[in-house]
Amino acid sequence: MHQLELPPSREAGELRAAARRRVLMRAIMRLQGQSDGWPLTVKDLSSTGMKARAPVAMFPGSRVEIGLPNIGWVPGEVVRIEGEDAIGIRFGVVIDPEATQVRVSGSYGAAPGAAAVQLRRV
């Protein structure tokens, strides 16, 4: 994770600071400095922010921390509220969105010691 500070948020109607891509993943959000958090469903993600569904009401300007898979806690600010549960968050640092993806490698053979499945005609 790069520790670069981002410029102030852009006004509505301007282009985003970074291209976002659609994802569907779980994350955790907490108020900055707090230990308790809430689950989030991340809908899109970029190196500078994200859009998510949150089970709690937030206000623009709220300082939060987002627990992202394989990255950890990222500081951010709620910059947009959409409907009852969608929020836009601008990160306080630049992240690598690809790092949140789980890499799968290897073969898909039977697990060691797994019993062979036997089928018979009935």
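Before the chain itself, one definition: helices and strands here are DSSP runs, with at least four residues for a helix and at least two for a strand, and they are numbered from the N terminus. With that in hand, the elements of this protein chain, read from the N terminus, are β-β-β-β-β-β. Put as a count, the chain has six strands and zero helices. What you see above is a predicted model, not an experimental one.

Let me start with how the strands are arranged. They form a closed barrel of six strands, in the order E1-E2-E3-E6-E5-E4, and the pairing is antiparallel. From one strand to the next, the twist averages 45°.

Now some of the pairs. E1 and E4 are antiparallel and are paired over four bridges. In that pair, Met29 stands opposite Ile66 of E4. E4 is also joined to E5, again antiparallel, by six bridges. There, Glu65 faces Pro75 in E5. E5 in turn has six bridges to E6, and these two strands run antiparallel. Two positions to look up are Arg80, whose bridge partner in E6 is Gly88, and Glu82, which stands opposite Ala86 in E6. Finally, E3 and E6 pair in the antiparallel sense over five bridges. Ala86 turns up again here, as the bridge partner of Arg53.

Next, the turns. E4 and E5 form a hairpin with three residues between the strands, and in it Asn70 has a positive phi near 65°. Asn70 is not a glycine, yet it has this positive phi. Is Asn70 buried or exposed? It is exposed, because its relative accessible area is 56% and the cut-off for exposed is over 50%. The hairpin of E5 and E6 also has three residues between its strands, and in that turn Gly83 takes a positive phi of about 70°.

On to what is covered. Of the 122 residues in the protein chain, buried residues make up 33%. E4 is mostly covered, with five of its six residues buried. E6 is mostly covered as well, and there too five of the six residues are buried.

As a general point, nonpolar side chains in soluble globular proteins tend to be buried together. In this model, the largest nonpolar core has 21 residues, and the ones with the most contacts inside it are Met29, Met50, Ile66, Ile89 and Phe91. Which strands supply it? E1 (21-31), E2 (38-45), E3 (49-53), E4 (63-68), E5 (72-82) and E6 (86-91) each give at least two residues to this core. The largest share, four residues, comes from E1. Two names in the list of most contacts, Met29 and Ile66, are the ones I mentioned as standing opposite each other.

Not every covered residue is nonpolar, and two glutamates deserve a look. The first is Glu65, in strand E4. Its relative accessible area is 17%, and the cut-off for buried is under 20%, so Glu65 counts as buried. What does Glu65 touch, leaving aside neighbours within four places in sequence? Its contacts are Ile28, Met29, Arg30, Leu31, Gln32, Gly33, Trp73, Val74 and Pro75. Ile89 is 24 residues from Glu65 in sequence, and the C-alpha atoms of the two are 9.7 Å apart in space.

The second is Glu77, which is found in strand E5. By that cut-off Glu77 is buried too, because its relative accessible area is 15%. Not counting residues up to four places away in sequence, Glu77 touches Gly61, Ser62, Arg63, Val64, Gly88, Ile89 and Arg90.

A word on rings. How many aromatic pairs does the structure hold? Zero. There is, however, a charge over a ring: Arg30 lies over the face of Trp73, at 3.6 Å from the ring centre. Arg30 and Trp73 are both among the contacts of Glu65.

One last number, on sequence distance. Take the contacts in the protein chain between residues at least 6 apart in sequence; of these, 54% join residues at least 24 apart.

To recap, this is a predicted model of a closed barrel of six strands with antiparallel pairing, and its largest nonpolar core has 21 residues.

Definitions and conventions: Residues numbered from 1 in each chain as written. Predicted model: local features only at pLDDT ≥ 70, side-chain atom pairs only at ≥ 80, totals over all residues. Heavy atoms only, no water. Core = buried A, V, L, I, M, F, W, Y, C linked by side-chain atoms within 4.5 Å. Buried < 20%, exposed > 50% of the residue type's maximum accessible area, 1.4 Å probe, protein only. Phe/Tyr/Trp six-rings, centres within 6.5 Å; stacked < 30°, edge-to-face > 60°. Lys NZ or Arg CZ within 6 Å of the ring centre and 35° of its normal. Contact = heavy atoms within 4.5 Å. Pairing = 2+ DSSP bridges. Axes fitted to C-alpha atoms, helices over the stretch in contact; angles between N-to-C directions.
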